[in-house]
Amino acid sequence: MNKELTAPEFEKALEKNAKMCALKKQIFNTRWQMLQTEYDKLSEEYQIKAD
């Protein structure tokens with residue numbers, strides 16, 4: 001499994017990795033916003049003060 005990559009293969013792998021990282025970040029941020037909205041709604045319902 002120790003295959004050496006050529007420069008073009010390495011660049012392609014880096015691009016793919018960057019795209020996957022960006023996608024994961026977008027998914028995380030979307031989920032975080034959903035959770036924050038849900039928390040805000042519940043905190044209003046139960047009158048919890050969040051600083």
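Is Lys3 buried or exposed? Lys3 counts as exposed, because its relative accessibility is 61%. Keep that in mind for the views below, which all come from a predicted model.

**View 1. The whole chain, built around one helix.**
Start by getting your bearings: the chain has 1 helix and 0 strands. That helix, H1, runs over residues 7-45. H1 holds 39 residues and spans 57 Å from its first C-alpha to its last, close to the 57 Å expected at 1.5 Å a residue. Not much is tucked away here, as buried residues make up 2% of the 51 residues in the chain. The accessible surface of the chain adds up to about 5500 Å², and carbon and sulfur atoms account for 58% of that.

**View 2. Lys3 and Glu9 in a salt bridge.**
Side chains of opposite charge can pair when their charged atoms come close. The structure holds 1 salt bridge, and here it is: Lys3 pairs with Glu9, with the closest N and O atoms 4.0 Å apart. The two partners sit on either side of a cut-off. Exposed means over 50% relative accessible area, so Lys3, at 61%, makes the grade. Glu9 has a relative accessible area of 33%, so Glu9 is partly exposed.

**View 3. A nonpolar patch made by Leu5, Phe10 and Leu14.**
Now look for three nonpolar side chains on the surface: Leu5, Phe10 and Leu14 form a patch there. Together they offer about 290 Å² of accessible area. Leu14 has its place in helix H1. With 44% relative accessibility, Leu14 counts as partly exposed.

**View 4. Phe28 and Trp32, ring by ring.**
A pair of aromatic rings is described by the distance of the centres and the angle of the planes. The count for this model comes to 1 aromatic pair. Phe28 and Trp32 make up that pair, with 6.3 Å from centre to centre and 15° between the planes. Planes under 30 degrees apart count as stacked, so that is the label for Phe28 and Trp32. Why are Phe28 and Trp32 separated by about one helical turn? Because they are 4 residues apart in helix H1. An α-helix has 3.6 residues a turn, so residues three or four places apart point the same way. Phe28 itself is exposed, with a relative accessible area of 53%.

**View 5. Gln47, just past the helix.**
Finally, follow the chain beyond helix H1. Just after H1 comes Gln47, where the backbone takes a positive phi of about 55°.

Technical notes
Residues numbered from 1 in each chain as written. Predicted model: local features only at pLDDT ≥ 70, side-chain atom pairs only at ≥ 80, totals over all residues. Heavy atoms only, no water. Patch = residues over 30% accessible without salt bridge, like charges linked within 9 Å, V, L, I, M, F, W, Y side chains within 5 Å. Areas by Shrake-Rupley, 256 points an atom, 1.4 Å probe, with all protein chains shown as cover. Helix = DSSP H or I, 4+ residues; strand = E, 2+ residues; numbered from the N terminus. Buried < 20%, exposed > 50% of the residue type's maximum accessible area, 1.4 Å probe, protein only. Phe/Tyr/Trp six-rings, centres within 6.5 Å; stacked < 30°, edge-to-face > 60°. Expected span 1.5 Å × (residues − 1).
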